[in-house]
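User: I should like to learn how to read the interfaces between chains in a structure. Could you guide me through them step by step?

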Amino acid sequence: MKRFILLRLFQTIPVLISITFIAFLLMMVTPGDPAEINLRAMMNTESPPKEAIEQMRMEMDLDKPWYIQYYSWLSRVLHGDLGYSYQTRKSTVEEILRAFPVTFLLSSIAMLFSIIIAIPIGILAGIHPNGKLDHLSRGISIIGLSIPDFFLGILGILIFSITLKILPVAGYKGPEYLILPAFALSISLFAVTMRLMRTSMAEVLEQEYIRTAISKGLDRGTIIRRHALKNAIVPVLTYMGTQYGWLFGGAMIIESLFALPGMGRLFVDAAASRDIMVMQACIMVFAIIFIIINLCIDISYYLLDPRMRDTHE
Amino acid sequence: MSSTVYIPISDQGFCALGMRVLKKRPLLVFGLIILILMCLMAVFAPYIAPHDPYEQSLENRFLPPSTEYPLGTDQFGRCVLSRAIYGSQPSLIIAVVSTILVVIIGLLVGLCAGYYRRVDGLLMRITDIMLAFPSMVVTLALVGIMGPGVPSIILALALPGWAKYARVVRSSTMSIKNRGFVESARALGAKNRYILFRHILPNVLAPVMEIATLGLGSKIIMIAGLGFLGLGIQVPTPEWGNILNQGLPLLYKAPLIALSAGALIMAFVLATNLIGSEIRDLMDPMSDSVKI
Amino acid sequence: MDKGKLKFILLGLLLLISLTSFTAASSNILNVGGPWSPKTTDPHIDGYSYQRLGIIDTLVDVDQDAALIPGLATNWQVSGDQLTWTFTLRDGVVFHDKTPFTAAAMKKSLEDSLVKSKTFANVPIKEIKAPSDNILEIVLSTPFSGLPAFMAKGESGALSPDCIDQGDITRPIGTGPFIFESFTPKEEIRTVKNPNYWGKVPSVDGVVYTSIPDAVTRSMMLQSGEIDISLINPPEVTEKFQSMAGFTVKDQPIHRVRIMAYNCEEGPFTDKLVRQAINYAIDRQALVTYVMEGVGSPAASTFPPEFFWANKDLQPFPYNPDQAKSLLTQAGWTDSNNDGILDKNGEKFSITLLTYPERAELPPMAEVIQDQLKKVGIEVEIVVVDVDSSNARRNKGDFDIYLLGRGLLFTPDPDEVMMTDYHSSGTSGDGWCAYRWSNPEVDELIEKARGIIDPSARKSLYDRVQEIVVDEAPVSYLNYYVNQDIYSDRVKGYRMHPTELSYHLEEVSLS
C-alpha cells in the first residue's frame with residue numbers, strides 16, 4: 001500500500017512542475033514588466049526610477065534566457081515570494097492567505113448543503129422509485145442543472161434578502177453571509193447528488209441479498225438503515241469528493257455577485273485588470289487543491305477496494 | 001453529424017428508431033424541439049426581432065410591454081425582446097464552435113492515446129495537467145490575457161475543454177480495440193488508420209455526442225458568466241450574459257430585461273440536459289446511472 | 001427509517017437557524033456603505049477616507065459654502081512679503097493616544113506628509129517652524145496664495161508623533177471625532193467614537209464603513225438594513241428609494257465634473273480639430289436628461305457656474321452633429337468606403353473609451369456616448385475596469401478617451417486642479433485629466449496666478465485659462481455632479497459636504 005501511495009505521489013510531480021510552468025508562462029506572455037510591477041508596490045509609486053527597474057530586473061534574472069528565468073522564478077515561489085499585487089500593492093501571499101479561508105468555508109458549506117438536504121431526499125426518492133417525491137426531485141434536479149448559479153443567486157437575493165429580509169445581501173461579516181452564496185453555488189452538485197443517491201439507493205434495494213432479507217420477513221426500515229444505506233451512500237460520497245475542487249474553483253461568479261472576498265473574486269479582479277502575479281498564484285492554488293483532492297480520492301479508492309489498482313494502470 | 005449518432009447504437013434503421021424515440025422518449029423530443037427553435041431564432045434573428053437591437057431612442061426608455069415592444073424597452077430605449085433574440089447569436093456561435101473544436105481535439109488525442117500505446121503515457125499526462133485546473137479558471141485567465149472578443153472566448157473555452165473528451169474516447173477506444181471485429185479486421189490486413197476511422201471512431205461517437213450536448217449547455221452558462229462579469233462579449237453587442245449584467249440594477253424597474261435573458265439561458269441548458277441524458281439512456285438503456 | 005430521516009432534516013434546520021441567528025442586532029453602531037476603499041492605512045499617502053470618516057483633522061476646515069474656516073488652527077495670516085504663513089493652533093487638543101497636539105507635533109506630521117504625499121509637489125514650502133507650542137510657521141520659497149487651502153487636505157492631516165515613527169503607518173492616530181480601530185483592504189474601516197474630541201463628540205458609538213463598489217448591491221444592503229447610509233447612488237437606484245417609506249434621498253450639488261479626457265499623445269485625438277468635433281457630437285442635455293434622470297446640468301468648463309472661479313462667459317457646447325461632421329471632414333476623416341465609419345489614409349476611426357464602474361452612471365453614459373459618436377461615424381469600443389486599473393491604463397496611455405468624474409475642490413482652491421490637470425508639469429505625469437497636452441500660455445497664466453493674493457485678479461487669469469482649454473479641447477466637459485446619498489430613517493442629522501471632504505458622521509445619531 002505504501003508503494004501505491006508513493007507511486008501516486010511520484011506521479012503528481014510532473015503535473016506539479018507543468019502547472020508551475022504554465023503559471024510562469026502566463027507571466028511571460030502577458031505584456032508588462034514584472035520587475036516594474038513589483039517595484040510599483042514596493043516603492044509605492046506609479047513610475048519607479050529607471051535604475052531601480054534595471055536593478056530589479058537583474059535580481060529577478062529577467063535578462064537571462066527563459067529556463068534560467070523559470071528556475072529563478074520557481075525558487076522564489078518555493079521561498080514564498082509570489083510577487084506583489086498590481087492593484088492593492090500588497091504581497092500576493094498576503095492576498096491569498098486572506099482570500100483562501102473564505103472560499104474554503106464557502107465551498108465547504110455548499111458541500112454540506114448537498115449532504116444534509118440532497119442526500120435525504122435522494123434516499124427517500126430511491127426507496128419509493130416513481131413516487132411523488134421521486135418525480136418532484138427529478139423536476140428539481142432538471143431545473144437545478146439548467147439554471148446558472150449566478151441567476152439563482154440573483155433570485156435568492158430578491159426573495160430572501162429583499163422580500164423576506166432574513167439573509168444579508170452581500171459582503172462578508174459573518175457566517176450567515178455565506179448561506180445564500182453557498183446555496184446558489186451548490187445547486188448543480190445538489191441536483192446531481194440527489195439523483196445519484198436516488199439511483200444508488202434504488203439499485204442497492206434491487207440487490208439479491210436485500211430482497212432475500214425482505215422475503216425473510218425482516219423489517220424493511222431496519223434493512224434500509226442497517227445495510228442498504230451504508231452500501232448506497234459510498235459512491236455518492238466519493239462522487240461528491242471529486243466535485244469539491246469544482247466547487248472551490250467554480251465560486252468565481254458567485255463570489256463576485258455576493259462581494260465575498262474569496263479566491264474567486266480575487267482571481268476575477270486580477271484577470272479583469274491583468275494583475276499577473278495574483279493570477280499566477282490563484283491558478284497554482286486552484287490546481288494544487290484539485291491535485292490534492294484527486295490524490296485523496298485515488299488513495300481512498302485504493303484503501304476501500306484493492307481491485308481498483310488495475311484500472312489505475 | 002447528428003444522424004450518425006444513432007447508427008452505431010444498434011442495427012435498427014433510422015426510421016424505426018425515430019418512431020421508438022417519439023413514442024418512448026417525449027423528453028428527448030421536447031429537448032430537440034427547444035434546441036431547434038433556439039437555433040432557428042439565432043439564425044433568423046433579423047427576421048424575427050421586431051427592432052434593431054442597437055437602436056437607442058432615449059425618449060422611449062423603460063416602456064412597458066406593448067404590441068410594438070412586446071417585452072418593453074431598456075434604459076436606452078432599445079427593444080428588450082430584440083436584444084434577447086439577438087443575444088442568442090454570440091452565445092450559440094461561441095458554444096457551437098468551441099464544442100466542435102474540443103470534440104475534434106478530444107477525439108484525436110483520445111483515439112491516438114487509446115490506440116497507440118507508445119504515445120499513451122505522454123498524451124495522458126498532458127490530459128492530466130489540463131484536468132488539474134477547473135475549466136472556468138483557465139477560461140478566465142485566457143480571456144484576461146487575450147482580452148474579450150469572440151475568437152479569444154472560443155479559444156479560452158476550447159483550450160481547457162478537450163481533456164474530458166480525450167479521457168472518455170481513450171477508454172472507449174481501448175475497450176473496442178480488443179473486441180473481436182477489430183481483431184479480425186486487423187487479421188485481414190486492414191491498416192491502422194482504416195481501423196481507427198472505420199471501426200473505432202463510429203463506436204466512440206455516441207459517448208462523445210452525449211458529453212458534447214451536455215457540454216454545449218455548460219458552455220452557454222460559462223459564456224453568460226463571462227458576460228455577467230463584464231469579461232465576455234462587450235456592450236453594445238447583445239449577449240445573454242451582458243444583458244443579465246445590465247438588467248441586474250434595473251430588476252425592480254424593468255425586470256423583463258434580466259428575466260428574458262435568464263429564461264433563454266435556462267431553456268437552452270434545459271434542452272441540452274434533456275437531450276444529453278436521453279442519449280445516454282438510449283445508448284445504454286439498462287444503466288440507470290445519474291439519469292435525470 | 002422515519003426517525004433517521006427526521007434526524008437528518010432536524011440537523012439541517014438546526015444548522016440553518018444557528019447560522020441565521022448571527023444577523024447583527026441593532027446597536028449604536030453606524031453602518032456606512034460607499035464605493036471606495038483606500039489603498040493604504042497611511043493618511044499621508046491617501047487621506048480621503050480617513051478625513052471623510054473623521055479620523056484625522058486638518059489645520060483648516062471648509063464650510064458648507066466651500067469657504068475656509070478654522071480647524072485645528074484657530075486663525076492664520078501671511079507676512080508682508082507673502083512668504084511666511086503663521087497658524088495659531090487650537091488649545092487643549094489631544095491625539096487619540098493622549099499625546100498633546102502641539103506645533104512641534106504638527107511640524108513633524110507635516111514634514112512626514114511632504115515626503116510621502118504627491119499633493120504637495122507643487123507647493124513651494126521651504127521650511128516649517130514651531131516657535132512655540134501653539135504657533136506654527138510655514139515658510140515659502142515663492143509667494144503662494146493657495147497655501148491655507150492645502151492645509152485643508154486630508155494628506156496634511158495631523159498624526160501623532162508616535163504614529164509617524166512607525167514609518168509605514170498601519171494605525172493612523174489623529175485628533176478627529178472617531179478613533180481608528182481596524183482596516184481590511186477592499187472590505188471595511190472600523191472606528192469608535194472619541195469621547196475626548198475637542199469639537200462635537202459623536203453620538204454614535206462607532207462607525208463601520210464598508211466598501212461595496214457595486215451601487216445595486218449597496219442599495220440592496222441598505223434595504224435589508226445591513227447599512228444605514230449608502231453613499232453616491234446612480235439615478236436608477238435613487239429613483240426607487242424616492243417613493244419608498246423608511247428612506248430619505250439627499251441631493252447635494254458638489255464640486256465635481258464629468259469629463260472625457262483625450263489621449264493627446266497618440267491616435268486621432270492628437271488633432272485639435274478632431275477633439276473640437278467631438279464637442280459638437282455629444283448631446284450633453286440628453287446625457288443629463290436620460291442617463292442622469294435630470295439630476296445635474298450640462299458643463300461648460302471645469303468649474304460649475306455657482307463656483308466663484310468659474311468663467312461664466314463660457315457656455316456648454318450645443319449638440320450639432322453636422323458641425324462635428326464638417327470639422328471631421330476638415331481634419332481629413334471621410335467615409336471613403338461607405339461602411340458608416342470614417343477613415344483616413346486607410347485607417348478606420350475606431351477608438352477605445354475607458355471608464356470605471358465605481359461611479360455607476362459612467363458605464364451607461366459611455367454607451368450613450370458610443371451611440372452618439374457612431375452617428376458621426378466613429379466606432380467606439382468601451383472598456384470598463386475598476387478605478388485603480390483604469391487609472392493605471394490611463395497613466396500608460398492605453399486609451400483614446402477616458403470618461404471620468406473629476407473632483408475639483410479636494411483642495412478648496414483652484415490651484416491644485418489647474419496645476420495637475422492643465423499645467424504641463426501635471427499633464428505630463430500621472431493624473432486624471434488632460435493627457436500629454438501642453439500650452440505655454442496656460443502654463444504661464446497658472447504660474448502667475450499662484451503669486452497673486454487678490455481673488456478677482458487671480459480669477460481673471462483663470463478665466464483665460466478656462467477659455468483656452470475649452471478651445472483647445474484636451475478634454476470635453478460633459479456635466480456637473482449632484483451627489484445622491486440615501487439613508488434609512490434610523491439615521492438623524494446626516495448632511496453631505498459640497499467638497500466631499502467630510503461625511504460629518506459626528507453629527508449623526510441613530511434612533
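Analyst: The following turns consider two interfaces in this predicted model.

User: How many residues of chain C and of chain B are in contact?

Analyst: A reading may begin with the residues on each side. Here, 15 residues of chain C touch 17 residues of chain B.

User: How much area do chain C and chain B bury between them?

Analyst: Buried area is counted over both partners. For chain C and chain B the figure is about 1500 Å², with 53% of it on carbon and sulfur atoms. On the side of chain C, the residues that lose the most area to chain B are C:Glu236, C:Tyr290 and C:Glu367, which together make up 37% of what that side buries.

User: How many salt bridges are there between chain C and chain B?

Analyst: A salt bridge requires a side-chain nitrogen of Lys or Arg within 4 Å of a carboxyl oxygen of Asp or Glu. Between chain C and chain B the count is 2. The side chains of C:Glu293 and B:Arg61 form a salt bridge, at 2.7 Å from N to O. As for polar contacts, 5 residue pairs are found across this interface, both residues being at pLDDT 80 or more.

User: Which elements of chain C give two or more residues to the side that touches chain B?

Analyst: They are helix 6 (215-223), helix 7 (235-242), helix 9 (284-291) and helix 11 (362-374) of chain C. Helix 11 of chain C supplies the largest share, 6 residues. By class, this side of chain C has 6 nonpolar, 2 polar and 7 charged residues.

User: How many residues do chain B and chain A bring to their contact?

Analyst: The same steps apply to the second interface. Chain B brings 41 residues and chain A brings 45 residues. These two chains bury about 3800 Å² between them, and 80% of that area lies on carbon and sulfur atoms.

User: How many salt bridges and polar contacts does the rule find across the interface of chain B and chain A?

Analyst: The rule finds 0 salt bridges between chain B and chain A. It does find 3 residue pairs in polar contact, both residues at pLDDT 80 or more.

User: Which elements of chain B give two or more residues to the side that touches chain A?

Analyst: Helix 5 (117-131), helix 6 (135-146), helix 9 (192-228) and helix 11 (255-283) of chain B do so. The largest share of this side, 10 residues, comes from helix 11 of chain B. In terms of class, the side of chain B that touches chain A has 29 nonpolar, 7 polar and 5 charged residues.

Notes: Residues numbered from 1 in each chain as written. Chains lettered and ligands numbered in written order. Predicted model: local features only at pLDDT ≥ 70, side-chain atom pairs only at ≥ 80, totals over all residues. Heavy atoms only, no water. Contact = heavy atoms within 4.5 Å. Buried area = accessible area lost by both parts, 1.4 Å probe. Polar contact = N/O pair within 3.5 Å; in protein donor to acceptor, adjacent residues only side chain to side chain. Helix = DSSP H or I, 4+ residues; strand = E, 2+ residues; numbered from the N terminus. Nonpolar A, V, L, I, M, F, W, Y, C, P; charged D, E, K, R; others polar.
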